[in-house]
Amino acid sequence: MKKVLLKTAVTMLCFTFMSNALALSTCGAGNYDARYLIPGPGEKGYDSALAKKARRYDRQYHVFNASAMGAGVDVSVPLSHTADRLLIERFLRENDGWDFTRFSGGKKASDVISGWSKTAGLYAGVGIAADAFRYAVLRDQGADCKETEIARKHLLAALDTLHLAFSIPGKPGVVARGFLKKTLPGDAKSLKPMPLKDESGRPLPLKKNNGVWRKDFSGKYPDYYWEDSISRDMMLGWAVASAASAEVIMKDPAFPESVKKRLRADAATVCAEMRKVRPSGYDLEFPDADGRTTFFGHLNENNLDGVYTPNLNNGFYAVMALGIYAAFDYASGDASNDDYLYKTLIASRKLPMIAAKKMKFVDLGTKSNFSNYNMAFTSAWLAIRYVKDAKAREQLITALKKQLYHRPGAARQP
């Protein structure tokens, strides 16, 4: 997972400083006018050693970690399997291609990997975003045609995985926390899916928790189990993936219109569910397949871990709500989703101002949960990138600087 996050961070930095305009460079030409924070091959300061290292990460990710389900998962090769471990290392260090079977003399990735873990939204999502950014950089820099096409195919496979997260629960707007192919060796062997209800019709588990395994409810993925009760961090990952992919593919004729339409539709269903007022009397909750709100599925600014307090003004949830909703709004491409963002969340409820002045429950000194920092920074990045209101963006930048990055008077600084 650490390498997935590192690969994403590098490609995100490269992509952030690109123009939003689609650059239709001719593949193989290697000519481009854009300038990147991390210099590309056509720029002064290009670091070929860093590029080679990043490429090894991409090759490891796709040849091994993402090979089974189209997105990154943790895989295991026991220490006792010395020949398999050496073969993997030799492939990554001595070879520069993508064909492990050819290099190994017939062995596939599944022959040397002994165990597969689940994939989950935060980690799979940022990996998908990295695939989108990597393809875009290769495309826009006129990189080698074969390499650009490989990156395009990787992104297409990742987009299929992204759609699985939105569709396997069987209800529009319900999103999987994670999933695992039941035929893979490893963690899948111990999974036992739980039905949605008991014999009396009560939802299971009786007390909502942070995720149980379910069978496929869509009828499209009989080989998969999925984990329910999506949390804020996992939804954030799918939001990053959706917006990044939409930004890259929507004006690119190399991607089928059916894939673009599917991505827009999935994002729109999440927007619709976030706008709904739930039995709690509040909106910005994530629904689950059993009809209840997920365990960590609250983003309303008056909530803290499932407990509502009127006028709480939780700036942490405010910035997450803005980032996640703005990302899905952008990915949906549907202007009808804008009113809720700009009129309700920004103009009426003033979430950017709450984020700028009352970023509660992130900086807790030595008790800080650094996952909260990860969620807050990533949500702020999404909001600043996809919210179009200038004043709101200024307030979000203030939140980033004063509430997260540099805390005036605080004893501990990031």
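A residue counts as partly exposed here when its relative accessible area falls between the buried limit of under 20% and the exposed limit of over 50%. Asp-305 is a case in point: with a relative accessible area of 46%, the residue is partly exposed. Asp-305 sits in the loop between β9 (303-304) and β10, and its phi is positive, about 50°, although the residue is not a glycine. Ser-229 makes a nice counterpart. Its phi is near 60°, again a positive value in a residue other than glycine, but Ser-229 has 0% relative accessibility and therefore counts as buried. This serine belongs to the loop between β6 and α8 (232-249). One more backbone oddity turns up at Leu-204 and Pro-205, which are joined by a cis peptide bond with omega at about -5°; Pro-205 is in the loop between β4 and β5.

Stepping back to the whole chain, the model is a predicted one, with 14 helices and 10 strands. The radius of gyration is 22 Å, close to the 22 Å that the globule rule gives for 414 residues, so the chain is as compact as a globular protein of that length. The C-alpha trace spans about 65 × 60 × 50 Å along its principal axes. Of the 414 residues, 52% count as buried. As for how the chain folds back on itself, take the contacts between residues at least 6 apart in sequence: 68% of them join residues at least 24 apart.

Now for the sheet. Four strands make up an open sheet in the order β3-β4-β6-β5, with antiparallel pairing. At the edges stand β3 (119-120) and β5, each with a single partner strand, so one side of each has no neighbour in the sheet. Strand β6 (residues 224-227) is paired with β4 (residues 178-181) over four antiparallel bridges. Within that pairing, Leu-180 stands opposite Tyr-225, and Gly-178 has Glu-227 as its bridge partner. Towards β5 (residues 213-215), β6 is joined by three bridges, also antiparallel, and here Trp-213 is the residue opposite Glu-227.

What becomes of the two faces of β6, buried or exposed? In a regular strand the side chains alternate between the two faces of the sheet. In β6, Tyr-224 and Trp-226 lie on one side and Tyr-225 and Glu-227 on the other, and all of them are buried, so both faces are covered.

Phe-179 ties this sheet region to the hydrophobic interior. Leaving out residues up to four places away in sequence, Phe-179 touches a long list of residues, including Trp-213, Tyr-224, Tyr-225 and Trp-226, as well as Met-69, Leu-164 and Trp-238. The largest nonpolar core has 115 residues, and those touching the most other members are Phe-64, Phe-179, Trp-238, Ile-324, Phe-328 and Leu-341. Helix α10 (residues 315-332) supplies the largest share of this core, at 13 residues. Over in helix α13 (residues 370-386) lies Asn-372, which counts as buried because its relative accessibility is 13%. Apart from residues up to four places away in sequence, Asn-372 touches Phe-316, Phe-361 and Val-362.

Aromatic rings deserve a look of their own. The whole structure holds 18 aromatic pairs. Tyr-282 and Tyr-308 form a stacked one, 3.9 Å centre to centre with 5° between the planes. This pair links distant parts of the chain, 26 residues apart: Tyr-282 is in the loop between α9 (257-275) and β7 (285-287), and Tyr-308 is in strand β10 (residues 307-308). Phe-295 and Phe-296 pair up edge-to-face instead, at 4.7 Å centre to centre and 75° between the planes. Both rings belong to partly exposed residues, with Phe-295 at a relative accessible area of 36% and Phe-296 at 27% relative accessibility.

Ring pairs also link Phe-64, Phe-91, Phe-100 and Phe-103 into a cluster. The charged end of Arg-59 sits over the ring of Phe-91, 4.6 Å from its centre. Another arginine, Arg-152, lies over the face of Phe-255, 5.9 Å from the ring centre.

Terms used. Residues numbered from 1 in each chain as written. Predicted model: local features only at pLDDT ≥ 70, side-chain atom pairs only at ≥ 80, totals over all residues. Heavy atoms only, no water. Buried < 20%, exposed > 50% of the residue type's maximum accessible area, 1.4 Å probe, protein only. Pairing = 2+ DSSP bridges. Contact = heavy atoms within 4.5 Å. Phe/Tyr/Trp six-rings, centres within 6.5 Å; stacked < 30°, edge-to-face > 60°. Lys NZ or Arg CZ within 6 Å of the ring centre and 35° of its normal. Core = buried A, V, L, I, M, F, W, Y, C linked by side-chain atoms within 4.5 Å. Rg over C-alpha atoms; globule rule 2.2 N^0.38 Å.
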